[in-house]
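Me: I have a protein structure open and would like to talk it through. Could we begin with one residue and work outwards?

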Amino acid sequence: MAIFPPAPATLSGENLTASRFLKNPEFVARRLQELGDLRYRGTFLLGGRQDTSGGAVGYEQLEGIFADAAPEIVAPGGEYSLTTIANGPAGLARVAKWGKDTLITDEDVKRRNFDSVNKGLLKLVNSAGQLIDQAVVSVIASAVTANRAAKQKWDGTGTAPSILQDILRAVADVRALNLGYEPNALLVDDSTWAYLASDSVIAAAMAREDKSNPIYSGRFDVLAGLEVIPTPAANLPSGVGTNAWVVDTNQLGFIATEDLGGGYQAAGDLVQSKVFRDEETDATRVRVRANFVPVVTDPGAGFRISGVA
């Protein structure tokens, strides 16, 4: 016999029921952020942030950090000469809104409780994270032109690879521009990360019997002072996975966002979420969106190592 009205959502100890969870947008946003932080790192590659309005952002690319003329000796009582300060080429980037909804039906919540909720949130945040990673890496790939081929493929199919030397040479080339860039990250796909972590030369140089060693921990986070950022090959534009990227994430560029309002919750750096009832389908509608545009202002802050795999 059906009971009307239905019993309210309840808490069993500290366990939150799916119904109560979906009624609190902050819980949903927090869970989306936890899921996204586990895997997607595109937003880390462009460390700057800029708010904009009107749907577009203007910017200047950096041509250098020095004045057009060097300082001169000034005689006692003499005048200081003037120099011009050149501006970099101007650019304009348009913010785009990306998003998708999913329905979590009452039947799913009743029969599978949190399983249906987690599956829906995971798929939404995976789609958003992949989109952001692809957008960021695509703009970096098109803007950063400095490159050099690896001496040998890092997968070991040729002669012994010189992985560490390839990386350090790329770092040295960025520093040699004398523009104040200091690379701090290395972007690779998952397969290339595996070659790095298992390379015999790198392994031999690591501290012995250290539990942070990849052979014990399965983690490989830092190499030559660079944070190693692995990402699935599917998150990278076609052909980018055969490259490794050395970048200064603090100076390479920025990501512009626009606050559109509408009662959305922040579910990460760029991702927003909204939860609302859809009475026509007896379901809860969950929306995830990202309104942003990635911009590279300093192409010299990045360097591509090609042919690594």
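Me: What is the nearest side chain of opposite charge to Arg-289, and how far away is it?
Reply: The nearest one is Asp-259, at 5.5 Å. Arg-289 is buried, yet it has no salt bridge. Please keep in mind that this is a predicted model.

Me: Why does 5.5 Å not count as a salt bridge?
Reply: A salt bridge requires a side-chain nitrogen of Lys or Arg within 4 Å of a carboxyl oxygen of Asp or Glu. Asp-259 is 5.5 Å away from Arg-289.

Me: Which polar partners does the side chain of Arg-289 have, then?
Reply: The side chains of Arg-289 and Gln-272 are joined by a polar contact of 2.8 Å. In addition, a polar atom of the Arg-289 side chain lies 3.1 Å from the backbone oxygen of Gly-261.

Me: Where does Arg-289 sit, and what is it in contact with?
Reply: Arg-289 belongs to strand 15, which covers residues 283-296. Apart from neighbours within four places in sequence, its contacts include Lys-97, Trp-98, Gly-99, Leu-260 and Tyr-264. Gly-261 and Gln-272 are also among them.

Me: Let us turn to salt bridges. How many does the structure hold?
Reply: The structure holds 8 salt bridges. One of these is formed by the side chains of Arg-49 and Asp-269, at 2.3 Å from N to O. Arg-49 lies in strand 3 and Asp-269 in the loop between strand 13 and strand 14, so the pair ties together parts that are 220 residues apart in sequence.

Me: Are Arg-49 and Asp-269 buried or exposed?
Reply: Arg-49 counts as partly exposed, at 36% relative accessibility. Asp-269 is also partly exposed, with a relative accessible area of 46%.

Me: Which residue does Asp-173 pair with?
Reply: Its side chain meets that of Arg-148 in a salt bridge of 2.3 Å, N to O. Asp-173 is in helix 6 and Arg-148 in strand 7, 25 residues apart, and the pair links distant parts of the chain. Asp-173 is partly exposed at 26% relative accessible area, and Arg-148 is partly exposed at 24%.

Me: What about Asp-278?
Reply: Asp-278 forms a salt bridge with Arg-285, and their closest N and O atoms are 3.2 Å apart. Salt bridges that share partners join Asp-101, Asp-278, Arg-285 and Arg-287 into one network. Within this pair, Asp-278 is buried, with a relative accessible area of 14%, whereas Arg-285 is partly exposed at 25%.

Me: New topic: sheets. What is the strand order in the open sheet of 6 strands?
Reply: The order is 7-16-11-8-10-9, and the pairing is mixed. Strands 7 and 9 stand at the edges with a single partner strand each, so one side of each has no neighbour in the sheet.

Me: How does strand 8 run against strand 11 and strand 10, parallel or antiparallel?
Reply: Strand 8 (residues 185-189) and strand 11 (residues 244-247) run antiparallel and are joined by 3 bridges. There, Leu-187 stands opposite Trp-245. Strand 8 and strand 10 (residues 226-231) run parallel and are joined by 5 bridges. Leu-186 has Val-228 as its bridge partner in strand 10.

Me: How many residues of strand 8 are buried?
Reply: 5 of its 5 residues are buried, so strand 8 is largely enclosed by the rest of the structure. Ala-185, Leu-187 and Asp-189 point one way from the strand, while Leu-186 and Val-188 point the other way.

Me: Back to single residues. How far is Tyr-59 from Thr-297?
Reply: They are 238 residues apart in sequence and 7.5 Å apart in space, taken C-alpha to C-alpha. Tyr-59 lies in strand 4, residues 56-60. Leaving aside neighbours within four places in sequence, it is in contact with Thr-297 and also with others, including Pro-89, Leu-92, Phe-254 and Val-295.

Me: Finally, what does the whole protein look like in numbers?
Reply: The protein has 9 helices and 16 strands. Of its 309 residues, 36% are buried. Among contacts with a separation of 6 or more, 78% are between residues 24 or more positions apart. The accessible surface comes to about 17,200 Å², and 52% of it belongs to carbon and sulfur atoms.

Definitions and conventions:
Residues are numbered from 1 along each chain as its sequence is written. This is a predicted model: local features need pLDDT of at least 70, side-chain atom pairs count only at pLDDT 80 or more; totals for chains, interfaces and linings use all residues. Side-chain values use heavy atoms; hydrogens and water are left out. Helices (H or I, at least four residues) and strands (E, at least two) are DSSP runs, numbered from the N terminus. Buried means under 20% relative accessible area, exposed over 50%, partly exposed in between (1.4 Å probe, protein chains only). Lys and Arg count as positive and Asp and Glu as negative; His and the chain ends are not counted. A polar contact is a pair of N or O atoms within 3.5 Å; within protein, one must be able to donate a hydrogen and the other to accept it, and residues adjacent in sequence count only if both atoms are side-chain atoms. Contact means heavy atoms within 4.5 Å. Accessible areas come from the Shrake-Rupley method with a 1.4 Å probe; for residues, only the protein chains shown count as cover. Two strands pair if DSSP finds at least two bridges between them.
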